[in-house]
Amino acid sequence: MKSLEVGLGARAYPIHIGERVLPRAAELIGARAHDRYVVVTNAIVASHCLAALRGALRDAGAKVDVVLLPDGEAHKNQRTLDDLLTRMVEVRAERSTTLVALGGGVIGDIAGFAAAIYQRGIPFVQVPTTLLAQVDSSVGGKTGINHPLGKNMIGAFWQPRAVLIDTSVLRTLPERELRAGLAEVIKYGAIRDAEFLAWLEANVRALLAKDADALSHAVLRSCEIKAGIVAADERETGERALLNFGHTFAHAIETAQGYGAWLHGEAVAAGMVCAARLSQRVCGLGDDEAQRLAKLIAAAELPTAPPAIAADRWLALMERDKKVQSGVLRFVLLERLGHAILRDDVAKAEVANALETLSREAR
Ligand SMILES: NC(=O)c1ccc[n+]([C@@H]2O[C@H](COP(=O)([O-])OP(=O)(O)OC[C@H]3O[C@@H](n4cnc5c(N)ncnc54)[C@H](O)[C@@H]3O)[C@@H](O)[C@H]2O)c1
Ligand SMILES: [Zn+2]
């Protein structure tokens, strides 16, 4: 097992990563007799992972209640949040009760938000079980739910007390979900670490085959990069925005296709190819470098081209993005592989041109 810290001063917390972390949960979060936990999960995840976690906490003498939520992004809403809060009141969760989010990003986001607002905030622990949640959503304290008028519109920053990552739970994860998580892993290499990107090129087959050592390394390095960026800019006033590489395009793709048609990671994959193409035009990313990124994305069996969307629709969709500030489109671009920058001065014509070239190539 490896451990690292998210350095947020008084709110700093550890991330523990390894093959058999769940059975050690009690020790790792310091659970003692009579401590109370509410584990929030869904039926699928519970069938694979609940016994180990609950057993560990109960062996330490802690009292554990379990709340099952319906599965899927469609349920990441006020109704589910309300049901969860009701269950917490019913089981008499207290200020000192720790909420444990056991699941993918959907569970983590809802449970984290419930922890942020229940009795004005209670402790919570993230136990992510998808690759995306292990490398991205469980670290950094963004929590929330969707509103009918916009994704992740309602939420709070609420940091967990600890993140427990058991990479062995990925064995049961559907392949498509694994690949979607790989898109975010590739993103970390692209924005911060050319060496990691080269490692990914050499190990992408092993990752797709769920090789335990390869997955552990990919999760660890991704968490290190995300933890470093979050520690430097918790509230996304600057550097944290680099984590949105590919995401302005991805959000447009997700909205255009209707949520659920493309997994988020698939849209991010195509979005990164779009952003790399724009980077070639406006900040000097080499053709060979853009090619290399696209090749890695293809090797991860992820889409390398966006769906057909008309140019004016692209721009309209991107302008609606939550990340737009004062109407200015901001892009995360690559000066070179491993080095991202933030640009808010890219002419719309450049964006349209880059997208036009891509769609011509895809035809
Ligand atoms: N808070 C953040 O910083 C942040 C960052 C990125 C994404 N997100 C959010 O994360 C969500 C997406 O998360 P996700 O991709 O994990 O999707 P998800 O939570 O819907 O999980 C995907 C599917 O895998 C199943 N599953 C989970 N673990 C499993 C396992 N070990 N074995 C078998 N099946 C398993 C789930 O039940 C679900 O059906 C989105 O709502 C997104 O907005 C949040
Ligand atoms: Zn993402």
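## A look around ligand 1

Four elements, α2 (43-59), α4 (105-117), α5 (131-137) and β8, each give at least two residues to the shell around ligand 1. Keep in mind that this is a predicted model.

How many residues surround ligand 1? There are 25 of them, and the closest are D71, E73, T129, T130 and T172. Sorted by class, that shell holds 7 nonpolar, 9 polar and 9 charged residues.

Some of the polar contacts with ligand 1 are set out here.

| Residue | Protein side of the contact | Ligand 1 atom | Distance |
|---|---|---|---|
| E73 | polar side-chain atom | oxygen | 2.5 Å |
| G105 | polar backbone atom | oxygen | 2.8 Å |
| D109 | N or O atom in the side chain | nitrogen | 3.0 Å |

So how much of ligand 1 does the protein cover? On its own, ligand 1 has 870 Å² of accessible area, and the protein covers 87% of that.

Now for the strands. β8, one of the elements that supply the shell around ligand 1, spans residues 150-157 and is paired with β7, residues 142-147. The two strands run antiparallel, and 5 bridges join them. Going from β7 to β8, you pass through a hairpin of 2 residues. If you want a spot to find in the structure, try T143, which sits opposite A156 in β8.

Next, the cysteines. Search the whole structure for disulfides and you get 0. In general terms, a disulfide is a covalent bond that links the sulfur atoms of two cysteines. Why is C49 in no disulfide? The nearest cysteine sulfur, that of C223, is 17 Å away, whereas a disulfide needs the two sulfur atoms within 2.5 Å, so the pair doesn't qualify. Seen from the other end, C223 is in no disulfide either, with the sulfur of C49 as its nearest cysteine sulfur, again at 17 Å.

Are these two cysteines buried or exposed? C49 has a relative accessible area of 4%, so it counts as buried, the cut-off being under 20%. C223 is buried as well, with a relative accessible area of 0%.

One last stop is helix α13, residues 348-362, where you'll find L355. With a relative accessible area of 7%, L355 is buried. How far is L355 from G144? Their C-alpha atoms are separated by 31 Å, and the two residues are 211 residues apart along the chain.

Definitions and conventions:
Residues numbered from 1 in each chain as written. Chains lettered and ligands numbered in written order. Predicted model: local features only at pLDDT ≥ 70, side-chain atom pairs only at ≥ 80, totals over all residues. Heavy atoms only, no water. Pairing = 2+ DSSP bridges. Near = heavy atom within 4 Å. Polar contact = N/O pair within 3.5 Å; in protein donor to acceptor, adjacent residues only side chain to side chain. Areas by Shrake-Rupley, 256 points an atom, 1.4 Å probe, with all protein chains shown as cover. Nonpolar A, V, L, I, M, F, W, Y, C, P; charged D, E, K, R; others polar. Buried < 20%, exposed > 50% of the residue type's maximum accessible area, 1.4 Å probe, protein only.
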